[in-house]
Amino acid sequence: MKKPSTILSLSNVQYSWPGQQQGLLIPEMTLDRGEHCFIRGPSGSGKSTFLSLLAGLVTPKAGTIELLTQDVTKQSRRHRDRFRADHMGIIFQQFNLVPYLNAIDNVLLPCRFSSLRRDRLAAPAAESARDVLEALDIPRTHWYSKIGELSVGQQQRVAAARALLGAPEIVLADEPTSALDENNRDRFLNLLLRLAEEKNSTVLFVSHDQNLASQFPRNQDITDWMEPAA
Amino acid sequence: MMIATIAKLTLASVWHRRKTLSLVVLTLALSVSLLLGVQYLRTEVKKSFVNTISGTDLIVGARSGPLNLLLYSVFHIGDATNNIRWTTYQRIESDPAVDWAIPVSLGDSHRGYRVVGTRADFFSRFMYGSNQSLQVSEGRIFSGVYEAVVGADVAKELGYREGDSIILAHGTGSVSFVNHKDKPFTVVGTLARTGTPVDKAVYVSLRAIEAIHVGWQSGVPVPGRTPNAEDTLKLDLTPHDITAVMVGIKRKVMTFQLQRKLNQLADEPLSAILPGVALSQLWRIMGGFEKTLLIITGFVVVTSLIGMLAVLLTAQAQRSREMAILRANGATPLAIAALFGLEAIVISIVSVALALGFGYTGIAFVVPMLEGSLGVHLGLRPLSVDEIKLLAAVPLMACVISLVPAFGAYRKTLAEGLTPKE
């Protein structure tokens with residue numbers, strides 16, 4: 001019986017890229033709620049694949065991936081889609097936003113696809129979206145303007161706001177700061193972690209930037225999982 | 001909720017790319033309006049054609065094929081093979097089944113327009129379209145021998161007004177070498193436009209036809225035997241023969257019986273035809289062309305739809321980032337497929353709506369032009385069931401076609417997950 005606070009638990013997960021000898025082998029990894037984790041690795045080391053495994057978009061050759069005590073490897077694809085919509089917020093490296101929606105509508109997107117996340121909102125959806133944009137320092141003048149008018153830093157913060165709206169248990173961030181300068185990077189990270197704390201979400205943050213590691217209680221080097229070992 | 005979200009996203013996405021998509025919409029709208037226009041005019045022209053003559057139950061002429069009789073008696077194309085004796089006409093008129101019988105005498109012309117010799121009651125009996133009577137737009141119907149009523153086109157083309165003097169020519173060619181210049185006619189009236197061959201004819205009395213041919217033999221005047229206009233009036237101008245008879249029947253059920261009776265008349269070989277039937281036959285001969293036109297237009301629409309598909313598929317490659325974002329935010333592959341499918345449907349519906357606008361505007365412009373140049377009577381009317389079906393077929397076809405981008409988006413979404421391959 002696992003502790004109810006365990007949010008993520010991997011054991012003996014094996015994955016190899018199609019047509020390649022190389023792959024990932026994760027013997028054991030558990031993460032408790034609120035235990036934000038920094039996953040470091042050079043580009044091409046399989047960071048995105050690792051996140052895809054967690055998100056249930058690729059299935060491992062062997063092993064179990066338990067999220068919130070559910071083994072995602074045994075679920076149907078539909079079930080995994082549903083699970084991801086309900087319990088995960090995802091932030092990409094850049095170009096996170098749907099170009100034809102304004103900031104508010106972008107932030108509301110997950111709540112439109114997941115009734116669970118919509119139900120978790122404390123206030124009406126639009127109000128919650130404004131609150132979270134406010135919390136992430138997006139100026140009011142940009143809430144209803146076109147995405148193209150936002151700076152890259154603002155765009156990434158809108159993406160963070162979106163990932164956190166409706167308090168998903170897990171936030172997967174795939175190099176979200178690599179397109180930002182140092183100031184914007186630190187600001188982004190601080191706001192993300194502070195808000196995640198507030199929403200009781202656990203952040204899995206993938207980056208090649210070792211400087212960020214100190215901000216996280218947990219650190220993991222992805223090269224430890226590479227197979228054959230580099 | 002989900003459907004509303006997808007619909008909202010589709011509309012926002014279409015609006016975002018409106019510049020590119022408007023060209024697709026325009027192409028599709030133009031081809032659909034072409035289809036609509038062809039179908040509309042096809043039925044209207046047919047209706048106008050089949051209603052060239054109405055209210056007349058039988059047309060009787062010398063024995064010949066029904067189409068030939070129809071062509072020379074109604075359309076003034078070609079010539080009669082033979083005439084009908086006046087006594088035979090009198091027999092027809094006195095038949096108990098006959099309500100009215102109007103004699104028509106053809107064979108002369110005026111500057112290329114046919115001259116029709118008839119009785120004054122022709123103008124009240126002859127009907128066209130949906131039982132519309134002829135109207136005199138200016139002046140009056142002829143009463144004297146040397147008086148003529150001209151059709152709308154004749155009046156317009158030759159600039160005739162009341163009181164103008166005209167000379168009839170012998171024969172029906174546009175250039176005639178023998179004319180009746182010793183007996184000029186006075187235009188006393190002009191008929192309102194009908195969109196039928198009536199517009200291109202000159203009407204005189206039967207007595208006038210007789211008068212201008214007094215002393216003629218074998219198509220030429222015999223020298224010394226043609227009295228002048230004044231003296232001719234003193235003669236008995238009862239016609240000896242006529243070309244055709246328009247017959248109205250008292251009880252419509254008697255039509256076929258009378259037709260058979262006239263066709264089998266022993267005294268003189270006659271042909272009696274039902275104008276509606278003959279007109280439909282004639283239309284069928286010419287109808288192949290309009291069907292071909294409709295089919296070609298159909299292909300134009302299909303081509304436009306394929307063009308739309310090409311644009312949508314090209315856009316799909318550019319939208320893989322967008323698909324990844326939507327998927328990361330909880331959209332299922334099915335929802336993304338629906339997004340792409342719906343887009344095709346939205347485009348086609350907008351196109352059809354535009355096509356309706358284009359079509360009606362176009363028809364409103366084209367109808368007066370066609371009436372002027374072709375002499376067909378066309379009206380603006382609401383869409384027929386066939387046309388609505390044709391229009392509905394476009395979004396339906398778009399629905400089917402939309403499966404292609406939808407399926408493509410579905411597969412791409414599954415394959416690429418969250419990392420779009422550019």
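**Entry 1: B:His76**

I started with B:His76, which is partly exposed because 19 other C-beta atoms lie within 10 Å, while a buried residue needs 20 or more. I was working on a predicted model, so I kept an eye on the confidence values too (see Entry 2). B:His76 sits in the loop between H3 and strand E2 (84–85) of chain B. I checked its backbone next: phi is positive, about 60 degrees, although the residue is not a glycine. That caught my eye, since most residues other than glycine have a negative phi. B:His76 follows H3(B), so I walked back into that helix.

Which residues of helix H3 (residues 66–75) of chain B are buried? I found B:Leu69, B:Leu70, B:Tyr72, B:Ser73 and B:Val74. I then looked at what they pack against, and noted four strands and a helix of chain B, listed here:

- strand E1 (58–62) and strand E3 (98–110);
- strand E16 (244–249) and strand E17 (270–273);
- helix H10 (275–318).

**Entry 2: confidence**

I looked up the predictor's own scores. Chain B has a mean pLDDT of 86, with 95% of its residues at 70 or more. For the complex, the predictor gives an ipTM of 0.85 and a pTM of 0.72.

**Entry 3: the sheet in chain A**

I moved to chain A and traced an open sheet of five strands, in the order E5-E4-E1-E2-E10, with antiparallel pairing. E5 and strand E10 (226–227) of chain A stand at the edges with a single partner strand each, so one side of each has no neighbour in the sheet.

I went through the pairs in turn. Strand E1 (residues 6–16) and strand E2 (residues 23–32) of chain A are antiparallel and share nine bridges; here A:Thr6 stands opposite A:Asp32. On the other side, E1(A) pairs with strand E4 (residues 62–67) of chain A over five bridges, again antiparallel. In that pair I found A:Gln14 opposite A:Ala62. E4(A) also pairs with strand E5 (residues 70–71) of chain A, over two bridges and in the antiparallel sense, and there A:Glu66 faces A:Asp71.

**Entry 4: the E4–E5 hairpin**

How many residues lie between the strands in the hairpin of E4(A) and E5(A)? I counted two, and A:Leu68 takes a positive phi near 50 degrees. A:Thr69 is also in the loop between E4 and E5 of chain A. Its phi is near 65 degrees, again positive in a residue other than glycine. Is A:Thr69 buried or exposed? A:Thr69 counts as exposed because it has 11 other C-beta atoms within 10 Å, and the limit for exposed is 12 or fewer.

**Entry 5: helix H1 of chain A**

I then looked at what covers the sheet. Helix H1 (residues 47–55) of chain A lies across E1, E2 and E4 of chain A and runs at about 120 degrees to E1(A). This helix is mostly covered, with seven of its nine residues buried. I wrote them down as A:Lys47, A:Ser48, A:Phe50, A:Leu51, A:Leu53, A:Leu54 and A:Ala55. After the helix comes A:Gly56, with a positive phi near 80 degrees.

**Entry 6: where the chains touch**

I checked the contact between the chains, which takes 21 residues from chain A and 17 residues from chain B. On the chain A side, the elements that give two or more residues are H1, helix H2 (77–87) and helix H3 (103–113) of chain A. H3(A) gives the largest share, four residues. By class, I noted 13 nonpolar, four polar and four charged residues on this side.

**Entry 7: the cores**

Next I looked for nonpolar cores. The largest has 107 residues, and those with the most contacts inside it are A:Leu172, A:Leu204 and B:Ile336. Its largest share, 13 residues, comes from helix H12 (residues 333–374) of chain B. Apart from it lies another core of 65 residues, including B:Tyr113 and B:Val202.

I followed A:Leu204 to its partners beyond four places in sequence; among them are A:Cys37, A:Ile39, A:Leu54 and A:Leu172. A:Leu54 is one of the buried residues of H1(A).

**Entry 8: B:Leu339**

I finished in helix H12 of chain B, at B:Leu339. B:Leu339 counts as buried because it has 23 C-beta neighbours inside 10 Å. Leaving out residues up to four places away in sequence, it touches B:Ile6, B:Leu9 and B:Thr10. I also noted B:Ala409, 70 residues apart from B:Leu339 along the chain, with 8.9 Å between their C-alpha atoms.

Key
Residues are numbered from 1 along each chain as its sequence is written. Chains are lettered from A and ligands numbered from 1 in the order in which they are written. This is a predicted model: local features need pLDDT of at least 70, side-chain atom pairs count only at pLDDT 80 or more; totals for chains, interfaces and linings use all residues. Two strands pair if DSSP finds at least two bridges between them. Two residues are in contact if their C-beta atoms, placed from the backbone, lie within 7 Å. Axes are lines fitted to C-alpha atoms, for helices over the stretch in contact, and angles run from 0 to 180 degrees between N-to-C directions. pLDDT is the predictor's confidence in each residue, from 0 to 100. A nonpolar core is a set of buried Ala, Val, Leu, Ile, Met, Phe, Trp, Tyr and Cys residues joined through C-beta atoms within 7 Å. Ala, Val, Leu, Ile, Met, Phe, Trp, Tyr, Cys and Pro count as nonpolar, Asp, Glu, Lys and Arg as charged, and the others, Gly among them, as polar.
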